[in-house]
Amino acid sequence: MTERELIELWNRSRNQLVVAQFAPTFLLITTAGLVPAIREAGTFTVWGVLGILLASGILGALVEYSAAHEAQAIARDIRALNFDSAISRTILKTAPWLHVAKYVTPAIFVAIFVALAAALVL
């Protein structure tokens with residue numbers, strides 16, 4: 001692959017990573033703001049909302065993980081092919097930070113989910 005092709009793939013993976021965060025983030029923020037109304041709507045609504053949050057969070061985490069993992073693979077290809085442009089060097093410096101998207105972001109989601117679940121159930 002050419003350097004340009006790898007950079008385009010990197011950008012696609014990075015965009016997927018960003019887009020994958022939209023739905024879970026929106027749902028968490030909305031749920032936090034609606035806790036009293038959700039609780040008032042009853043037990044089935046509470047469990048339904050928790051199911052939606054969980055499904056969205058799991059899917060979002062999987063997409064984030066795979067996009068970050070693929071971007072790191074692209075960075076390894078850039079390193080192996082010894083591309084030395086400024087953008088390639090920047091990608092190589094940035095790639096290790098994708099571990100945050102792979103591990104820290106999902107851990108934060110779990111903590112927020114647990115807090116919201118407690119607020120809805122207790």
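# A tour that starts at Thr31

Select Thr31 first: leaving out residues up to four places away in sequence, Thr31 touches Ile38, Val49, Leu53, Leu116 and Leu120. Keep in mind as you click around that this is a predicted model. Thr31 sits in helix α1. Is Thr31 buried or exposed? Its relative accessibility is 6%, and buried means under 20%, so Thr31 counts as buried.

**Stop 2: the whole of α1**

Now widen your selection to residues 3-41, which make up helix α1. Put a distance between the C-alpha atoms at its two ends and you should get 55 Å. The 39 residues of α1 should span 57 Å at 1.5 Å a residue, so the two values agree. Next, zoom in on Leu34, where α1 bends by about 70°. A proline, Pro36, follows within four residues of that bend.

Colour the buried residues of α1 next: Leu6, Ile7, Trp10, Ser13, Leu17, Ala20, Pro24, Leu28, Thr31, Val35 and Ile38. What do they pack against? Show α2 (43-80), α3 (86-94) and α4, and you have the partners of these buried residues. Here's a handy idea for looking at the pattern: an α-helix has 3.6 residues a turn, so residues three or four places apart point the same way.

Before leaving, click on Gly42, which follows α1 and has a positive phi, near 115°.

**Stop 3: α1 beside α4**

Add residues 98-121, helix α4, to the view. Two packed helices are described by the angle between their axes and the distance between the axes. For α1 and α4, the angle is about 10° and the axes are 10 Å apart. That makes α1 roughly parallel to α4.

Which residues meet here? On the α1 side, show Trp10, Leu17, Leu28, Thr31, Ala32, Val35, Ile38 and Arg39. On the α4 side, show Leu98, Ala101, Phe109, Ile112, Leu116, Ala119 and Leu120. Colour this contact by class and you'll find 13 nonpolar residues, 1 polar and 1 charged.

**Stop 4: along α4**

Hide the rest and stay with α4. Its 24 residues reach 34 Å from first C-alpha to last, close to the 34 Å expected at 1.5 Å a residue. Where is the kink in α4? Go to Val104: a kink of about 30° lies there, shortly before the proline Pro106.

Pro106 is also one of the buried residues of α4. The others to pick out are Leu98, Ala101, Lys102, Phe109, Phe113, Leu116, Ala117 and Leu120. Bring the other helices back and you'll see that what covers these residues includes α1, α2 and α3.

**Stop 5: Val121**

Val121 is in helix α4 too. With a relative accessible area of 41%, Val121 is partly exposed. Apart from neighbours within four places in sequence, Val121 is in contact with Val46, Trp47 and Leu50. Try a distance to Thr43 as well: Val121 and Thr43 are 78 residues apart in sequence, but their C-alpha atoms are 8.2 Å apart in space.

**Stop 6: α2 and the loop after it**

Follow α2 from end to end. It has 38 residues and reaches 55 Å from its first C-alpha to its last, close to the expected 56 Å at 1.5 Å a residue.

Finish on Asn82, in the loop between α2 and α3. Most residues other than glycine have a negative phi. Asn82 is not a glycine, yet its phi is positive, about 55°. Is Asn82 buried or exposed? Turn on the surface: Asn82 is exposed, with a relative accessible area of 64%.

Key. Residues are numbered from 1 along each chain as its sequence is written. This is a predicted model: local features need pLDDT of at least 70, side-chain atom pairs count only at pLDDT 80 or more; totals for chains, interfaces and linings use all residues. Side-chain values use heavy atoms; hydrogens and water are left out. Axes are lines fitted to C-alpha atoms, for helices over the stretch in contact, and angles run from 0 to 180 degrees between N-to-C directions. Angles under 35 degrees count as roughly parallel, over 145 as roughly antiparallel, 65 to 115 as roughly perpendicular and the rest as oblique. Contact means heavy atoms within 4.5 Å. Ala, Val, Leu, Ile, Met, Phe, Trp, Tyr, Cys and Pro count as nonpolar, Asp, Glu, Lys and Arg as charged, and the others, Gly among them, as polar. The expected span of a helix is 1.5 Å times one less than its number of residues. The bend at a residue is the angle between axes fitted to the seven residues ending there and the seven starting there. Buried means under 20% relative accessible area, exposed over 50%, partly exposed in between (1.4 Å probe, protein chains only).
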